[in-house]
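Here are my comments on the model you sent, set out as numbered points. They deal in turn with strand pairing, the ligand and the internal cavities.

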Amino acid sequence: MLRNDPDVVVIGAGCAGIAAARALVAAGKSCVMLEAGDRVGGRAHTSGLLGAPFDHGATWLHQADENPLTRFIGEHIDHDTVRGRHLHLGDRFATRAEMAEYGHACDAFETAIVEAPQIPDRAVSEVVPKGGRWDETIGHWLGSQINAAELSLISLKDYVAVDLEGPNLLPSEGLGTLVARLAEGLPLRLNHAVTHLRWDGPGVTVEGDWGTLRAGAAVVTVSTGVLAAGGLRFTPGLPAETMDAIHGLPLGLLTKYGFRTTGEDRLGMAPFHSARRLLGPEVRTAMSWIFRPFDRDQIFGFVGGARAWDLAKEGEAATEAAARADFTAMFGARGAQVLGPAVITDWGTSPLFRGSYTHARPGHHESRARLSLPLAGGRLRFAGEACHSRFAGTVAGAWLSGEDAVRDLLAKRIAVTDAS
Ligand SMILES: Cc1cc2nc3c(=O)[nH]c(=O)nc-3n(C[C@H](O)[C@H](O)[C@H](O)COP(=O)(O)OP(=O)(O)OC[C@H]3O[C@@H](n4cnc5c(N)ncnc54)[C@H](O)[C@@H]3O)c2cc1C
């Protein structure tokens, strides 16, 4: 390598890229992190557009007891201890007894999933209860709203392998702010999209509109959505097994929206409480809502799965209108008056992401491990939320996969060379 070439180039400055760059710096290796966008954090991004921190993407630190980011958290709330859940039926909220019934139905759902034989692998939808009063709502919740894709699209084995129980922590500064803080001081170049990566030489060469860079090895952290769409060209082309793994891990879509609230009407909802509608013949998909986090004048929510993709294609105005209509269906004209200006996210249409987070297609549960295999004797390594099994789809998985990638590189001593 030339004297100024870094040991490792990290492509993408989301959680995985930041974790990888931090691990490289800690190990005394030189690295450069190239980011196509104009900010760090990727799918973890906090803005002040609603007058207070608002997370456009990642929001909670799930499984906080084991989450690698928990050690960095400042002021926060354990959401599970303050969250009240409301389910809306027709023109009223579910009673206590109905919520208990719903809880039992959820337990039965989870048990059916966990106890179903995993060989052969199949879609989660094939093993869950059907026909009960609450089943459609629960399936929609666990599929579109939690996993960003319908249960019919998700591998049972992958679903069960992902372990995301509580505690679920909400950082007051916003999770995106926390992640961006962890990138401070790293060798980062924003607005440096990589369009071409060559891995046929002794090291790797990356190219973009900004020029060319050589390095001993590359850690590629762009989403599988970007890779599947050909957003980054490889020479030689990636092996068939790697491409198969990429296509086995599509990104679902969870569109987050936030509204500034106006007036004094609290609609009877306490801070951090959540609400959504029961599905039925008249309501085919539901959105979910969380009220006044940290007692801020904010209400945020999500729409996921096929409906989110449809709305994303129609544009932000369509998503906003659908969200207002969903809210008004629960709270009537009073509710309509509470919702002020909106922020609608566009993870599905952005060419830098092409979705929110991955699920494995039925039969593709091995894809996460396959995508994580080092290529070219270790000179090329993929990382990101798609590459982690237990914490797949989350900032924790992305972070740990970035660290794993560097551990692999260092073990193979790829990055350690001063040969010119
Ligand atoms: C709405 C929503 C809600 C979520 N909620 C949660 C949650 O509550 N908790 C949780 O843990 N996770 C949540 N997630 C998921 C979490 O945000 C992601 O799993 C995680 O941030 C992914 O990190 P990553 O580093 O793998 O990828 P990314 O964050 O996508 O980082 C990849 C980076 O690569 C850049 N890039 C793309 N193409 C190029 C290129 N050609 N050259 C250079 N750079 C490029 C991108 O701009 C991006 O910055 C949520 C995501 C969304 C969208």
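1. Two strands are taken to pair if DSSP finds at least two bridges between them, and the comments below should be read with the reminder that this is a predicted model. By that criterion strand 6, residues 85–89, and strand 7 are paired, since 2 bridges join the two strands, which run antiparallel. Leu 89 has Arg 92 of strand 7 as its bridge partner.

2. This pair belongs to an open sheet of 7 strands, whose order is 7-6-17-18-19-16-20 and whose pairing is mixed. At the edges are strand 7 (92–93) and strand 20 (339–344), each of which pairs on one side only.

3. Turning to the ligand, 37 residues surround it, and the closest are Glu 35, Arg 43, Trp 60, Val 194 and Glu 385. Sorted by class, this shell consists of 20 nonpolar, 14 polar and 3 charged residues. Helix 1 (15–26) and helix 12 (395–411) each contribute at least two residues to the shell.

4. Which backbone atoms come within reach of the ligand's nitrogen and oxygen atoms? A polar backbone atom of Val 194 is 2.9 Å from a nitrogen atom of the ligand, while a polar backbone atom of Gly 393 is 3.0 Å from a ligand oxygen atom. For Thr 394, a backbone N or O atom lies 3.4 Å from an oxygen atom of the ligand. On its own the ligand has 1000 Å² of accessible area, and the protein covers 98% of it.

5. As for empty space, a search of the whole structure gives 4 cavities of 30 Å³ or more. The largest cavity, with a volume of about 110 Å³, is lined by 15 residues, and those nearest its centre are Pro 53, Asp 55, Leu 170, Arg 296 and Phe 300. Three strands each supply at least two residues of this lining, namely strand 4 (54–55), strand 8 (169–171) and strand 19 (298–304). Strand 19 also has a place in the open sheet of point 2. The lining of the largest cavity divides into 7 nonpolar, 4 polar and 4 charged residues.

6. The second largest cavity has a volume of about 70 Å³. Its lining is made up of 15 residues, with Val 222, Ser 223, Thr 224, Ala 383 and Ala 386 nearest the centre. By class, the lining of the second largest cavity has 8 nonpolar, 5 polar and 2 charged residues.

Note on methods:
Residues numbered from 1 in each chain as written. Predicted model: local features only at pLDDT ≥ 70, side-chain atom pairs only at ≥ 80, totals over all residues. Heavy atoms only, no water. 1 Å grid on protein atoms, 1.4 Å probe; cavity = no way out; pocket = protein on both sides within 12 Å on 5 of 7 lines; lining within 4 Å. Points joined across faces, edges and corners; volume = space filled by probe spheres on them. Helix = DSSP H or I, 4+ residues; strand = E, 2+ residues; numbered from the N terminus. Nonpolar A, V, L, I, M, F, W, Y, C, P; charged D, E, K, R; others polar. Near = heavy atom within 4 Å. Polar contact = N/O pair within 3.5 Å; in protein donor to acceptor, adjacent residues only side chain to side chain. Areas by Shrake-Rupley, 256 points an atom, 1.4 Å probe, with all protein chains shown as cover.
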